[in-house]
Amino acid sequence: MAEPMGFFTDTTVCIGCKACEVACKEWNQLPATNGGRNTLSGNSYDNTRRLDGIHWRHVKFIEQFTPDRAEGRWLLMSDVCKHCVRAGCLEVCPTGAIFRTEFDTVVIQSDVCNGCRDCIAGCPFGVIDMNPVSGTAQKCTLCYDRMRASLEPACAKACPTDSINFGTIRELRAMAEKRVGQLQAAGEKRAYLYGADEKMLGGLNSFFLLVDRPEVYGLPPDPQIPSRNLKPSSAWSLLAAVAVGFMGIVSFRNRGGRPHA
Amino acid sequence: MPSTYFTAPPQWHWLIILYFFVGGIAGGSYFLAVLFDLFGRITDRPLGRLGYLIAFPLVVLCGLLLTVDLGRPERFWHMLIQSGTWRPMLKAYSPMSVGAWGLLGFGFFSFLSFLGAIGDAERSRWPRLRVLRPPRMLGALVAIVGAFFALFISGYTGVLLAVTNRPIWSDTPLLGLTFLVSSASTSAALLTLLGWRRRWAATGLHALANFDRLVLVFEFIALIALIVSLGSIAQVWLNAWGALLVLGVMVAGILIPLALHSRARVLSGVAVPVAAVLILAGGFLLRVVIVLSSEAV
C-alpha cells in the first residue's frame, strides 16, 4: 500500500478565487447546476452554497462584520471531503460501492452505487449528495484517477496561493504544524489544525488550518462515526422484541381456556 | 451546536415512510399470527391465517417501495450481490445491508406461511400446503424462524436511522424500540379492523384487544423515554412536528384508543374500529414525524 495521501487546506491564504471549484468540475466532468440555469444566492459571493453530488469542492465565504459594518473580516475556506480514516459513509454503504484506496482515501464507485443514500446520512460532515445525472451518490475522489497516474489532484494543481496542499499525510502534518507556529508567532493566536491528528475519526486525510471555531466554518465540533449507535440501539430493540413477545404470550395464552395444540 | 446539525439530509421521504409503516405491519401481523398459532386457541386460527395472508403481500410491497426509491432502481440487487465478484454482499455493521438480507429472509418465510395459510382454508384446492402451518412440525419450524425475521423487520428500521449522523435519528438509541412497539400496536389494530364483526374472529379479537392495551401503554412510555433521551435536541420539536407528535401520535394514536378500549366491553361497538383506525393513523404519523422532522433540520 502506498503512503497515505491527502490535502492540507490552509484557509488563511485562500483568496476565494474558486479556481479549485472550476478545476474540479472540469476534470471530473461534473454537470452544471440545474442545467446551467443557476440562480444567485443573493446574500454572498458564494453561489455554490454547499458541497453536493455535482460540487466536490466548495469555497465558503464567511462574512464576519459588526452591525455598523465598521469592522469585519472574510474567512475563506475551500471545503472538500475529509477522507476520514474512520469513514462513516464507508461504514454504512450496503453495496460496497464505497471503498478505501491504496492511498488511504475514500472513493465511491459510481457504477456500483445504487443511490440508496445511506452514506449521505452517515457522513458527519454533510459532504456527500446525489448527482442527479448519474442517479448515484458522489463526492470528491481526491482525483483517484490522477493519483494513480502520479498527478496531483486538479484542485491542488489549480490553487494559485497554495491554500490547497497535496502530499503524504506525514509531510502535510509537518507543513501544517510549521505554518501554525508561524501564524502564532506573527500574532494570530487563534490558528489551529482541524482534523490533523487521530482524535477526530482516526484522523482526517483532508485537514484544515482554521482561525475560528469549527462551527463558524460549518464544520462539526465533534464528528462521530454512525456505528457508535449500533449496539445500544440494537440492544434496546431486542429488549422491545422480548417485551412484545411476552405481552403477546400473556394476552393469547392466559384466557382461561385451553390452547388448541 | 450539536455536531449532527452539520450533516446533510438523505432525502428519504414518503416512499421510505410508507416502507417503515408497511414493513412494520407486515412483521407485526406475521408475529401475531405465529403467537395465535403457537399459544392461542383453535378458534383463533382464522385470525392467525389472516395475519399470514397480510404479511407476504405487504413484504412484496416493501421490496417495491425500496426499489423505486433508489436513485438507480435497476441496481437493487447490489444490496445482496457484489456486482464485480458475484459474491454475497453483507456488512454485519451496516443496518441497511443486514436489513436487505432480513427482508429477503422474511419474504421467504412469510411466503411459506402464506402458502400454508392458503392450504389451510376450509375448501382449499391445495390442502397439502397445510404442512407449512403450525401445529404441523414443518409449519411450526417455519413460523418460529419467520417470527424472528418478523421482529427484526419491525424494529431494524429504527436502528438504521440511529446508525447515521442525522439530528434526532442518531441522538437517541430508542428509535428501534419505538418502531418495533409501534409495529405491534398497528398490526394488532389492522387485524382487529379486518376481523371486526366477523364471527370467526370473535375470540381472537378479545385477545388482540388485551394485547393492544398492553402494547399501547408500552408505546406511550417508549415515546416519553424517546423525547427525554434526546435531551436538548428535543427542542427541534418545538414546532408543528412536535404538535403532531403529541396530539397526533400520543393523544389521538395512543391515549384516545386506550380510553376507547376501556369502554368497549362489547366488541361489536363502534369504539373498536375507531380505536383501530386511530392507532393505525398514529403509527403512520409517528414515522412521518420521525423521518420528516429530521429531514427538515
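**Exercise 1.** How many residues has α1(B), and how far does it reach from its first C-alpha to its last?

*Solution.* The model is predicted: local features need pLDDT of at least 70, side-chain atom pairs count only at pLDDT 80 or more, and totals for chains, interfaces and linings use all residues. Residues are numbered from 1 along each chain as its sequence is written, and chains are lettered from A and ligands numbered from 1 in the order in which they are written.

Step 1. Helices (H or I, at least four residues) and strands (E, at least two) are DSSP runs, numbered from the N terminus.
Step 2. α1(B) has 26 residues and reaches 37 Å.
Step 3. The expected span is 1.5 Å times one less than the number of residues; for α1(B) this gives 38 Å, and the reach is close to it.

**Exercise 2.** State whether α1(B) is largely enclosed, and give the reason.

*Solution.* Step 1. A residue is buried if 20 or more other C-beta atoms, placed from the backbone, lie within 10 Å of its own; it is exposed if 12 or fewer do, and partly exposed in between.
Step 2. In α1(B), 22 of the 26 residues are buried, so the rest of the structure largely encloses this helix.

**Exercise 3.** Describe the side of chain B that touches chain A.

*Solution.* Step 1. Two residues are in contact if their C-beta atoms, placed from the backbone, lie within 7 Å.
Step 2. Chain B gives 56 residues to the contact and chain A gives 58 residues.
Step 3. On chain B, the elements that give two or more residues are α1 (14-39), α3 (95-119), α4 (137-162), α5 (175-195) and α6 (202-230).
Step 4. This side of chain B has 34 nonpolar residues (Ala, Val, Leu, Ile, Met, Phe, Trp, Tyr, Cys and Pro), five charged (Asp, Glu, Lys and Arg) and 17 polar (the others, Gly among them).

**Exercise 4.** Work out the strand order and the edges of the four-stranded open sheet in chain A.

*Solution.* Step 1. Two strands pair if DSSP finds at least two bridges between them.
Step 2. The order is β8-β1-β10-β9 (chain A), with mixed pairing.
Step 3. β8 (164-168) and β9 (192-194) of chain A each have a single partner strand, so one side of each lacks a neighbour in the sheet.
Step 4. β9(A) pairs with β10 (residues 206-210) of chain A in the antiparallel sense over three bridges. Here L193(A) stands opposite L209(A) in β10(A).
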